[in-house]
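Trainee: Could you take a close look at the sheet with me, strand by strand, and then at the parts that accompany it?

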Amino acid sequence: WAGPGLAGASGCSLRVPPNRFELDVRPATREAAIRQLGRERIAQGPELQERRAEITKLLRDQATAAWDAGAVYCAGMAEPVLDGVLPATVTVFLLPGPLGARSDEPDRIAALLPMLTPKEPKDEDDTWTRVRVFELEGCGQAVRTHGVEDLEPEPGKPLRVVQMQTFIPIPDVNRVLLVSCSSPATAVAEGLFDLFDALTGTLRLEERS
């Protein structure tokens, strides 16, 4: 995927594995695109036929949530497992930078950190979040949160998810690229963190001629 122009000649790209669906998030076209994606995925894995409705709903919900949140890109995964389907998504957002932050500041991360709060679990069943600053190859310094969190995508319907969010300041402009990966499959959290890290690691900020 090649992203939109970000500032001047800058752009971005992200590589997703073949088993990911690149989702059309636009309301006018996403329903037909999602039905086609479902047909293609089932053709690749006929064992998913009995879960066709579940997969279609999953993709529809992911695309709708991405559009409503202002995403510029979204891809989903639906892999068969013993007791159902393992879903995961990667969504890319282009966000305004922190209010008052300067695009020429040598330390662009410091302005992001106050918005991100770590959380220690109270017990083994509690949610948790960790925050760290690191160097993302091809993008420079980034700040990341990862953990197990409770979301409420619909009122009265809480959902516990494995989530990794990576915030990358864009050079020469007060904008931030956010790569957000998530899955409700909390039983395999550690494996998902490895997958999310590898996926985010393919992100590149690029100079366009």
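Mentor: Two strands are said to pair if DSSP finds at least two bridges between them. With that criterion in hand, and keeping in mind that this is a predicted model, we can begin at one end of the sheet, where β2 and strand β3 (residues 71-81) run antiparallel and are joined by three bridges. Within this pairing, Arg20 stands opposite Met77 in β3.

The sheet as a whole is open and consists of seven strands, arranged in the order β2-β3-β4-β8-β7-β6-β5 with antiparallel pairing. The edge positions belong to β2 (20-22) and β5 (128-136), each of which has a single partner strand, so that one side of each is left without a neighbour in the sheet. On average, and with direction ignored, neighbouring strands of this sheet are turned by 20 degrees against each other.

Moving inward from β2, we find that β3 is paired in the antiparallel sense with strand β4 (residues 84-96) over 10 bridges, and that Cys74 has Thr91 in β4 as its bridge partner. These two strands, β3 and β4, form a hairpin with two residues between them.

In the sheet order β4 is followed by β8, and the pairing of strand β8 (residues 175-183) with β7 is antiparallel, with eight bridges joining the two. Here the bridge partner of Gln163 is Ser182 in β8. The hairpin of β7 and β8 has five residues between the strands, and in this hairpin Asp172 takes a positive phi near 70 degrees.

Strand β7 (residues 157-169) is also joined to β6, by 10 bridges and again with the two strands running antiparallel; in this pairing Leu151 stands opposite Leu159 in β7. The hairpin that β6 and β7 form has two residues between the strands, and Gly156 in its turn has a positive phi of about 80 degrees.

At the other end of the sheet, nine bridges join the edge strand β5 to strand β6 (residues 140-154), and these two run antiparallel. Leu136 has Gly140 in β6 as its bridge partner.

Strand β5 also takes part in an aromatic contact, for the structure holds one aromatic pair. The ring centres of Trp128 and Phe193 are 5.8 Å apart and the ring planes stand at 65 degrees, and because an angle over 60 counts as edge-to-face, the pair belongs to that class. Since Trp128 lies in strand β5 and Phe193 in helix α3 (residues 189-200), the pair ties together parts that are 65 residues apart in sequence.

There remains the helix pair, in which the axes of α1 (residues 30-44) and α2 (residues 52-68) come within 10 Å and cross at roughly 140 degrees. That angle makes α1 oblique to α2, because the roughly antiparallel class is kept for angles over 145 degrees. The crossing of α1 and α2 is right-handed. On the side of α1 the contact is made by Arg30, Glu31, Ile34, Leu37, Arg39 and Ile42, while α2 contributes Arg52, Thr56, Leu59, Arg60, Ala63, Thr64 and Trp67. Sorted by class, the residues in the contact of α1 with α2 are six nonpolar, two polar and five charged.

Definitions and conventions: Residues numbered from 1 in each chain as written. Predicted model: local features only at pLDDT ≥ 70, side-chain atom pairs only at ≥ 80, totals over all residues. Heavy atoms only, no water. Axes fitted to C-alpha atoms, helices over the stretch in contact; angles between N-to-C directions. Helix = DSSP H or I, 4+ residues; strand = E, 2+ residues; numbered from the N terminus. Parallel < 35°, antiparallel > 145°, perpendicular 65-115°, else oblique. Left-handed = near helix turned anticlockwise from the far one by under 90°. Contact = heavy atoms within 4.5 Å. Nonpolar A, V, L, I, M, F, W, Y, C, P; charged D, E, K, R; others polar. Phe/Tyr/Trp six-rings, centres within 6.5 Å; stacked < 30°, edge-to-face > 60°.
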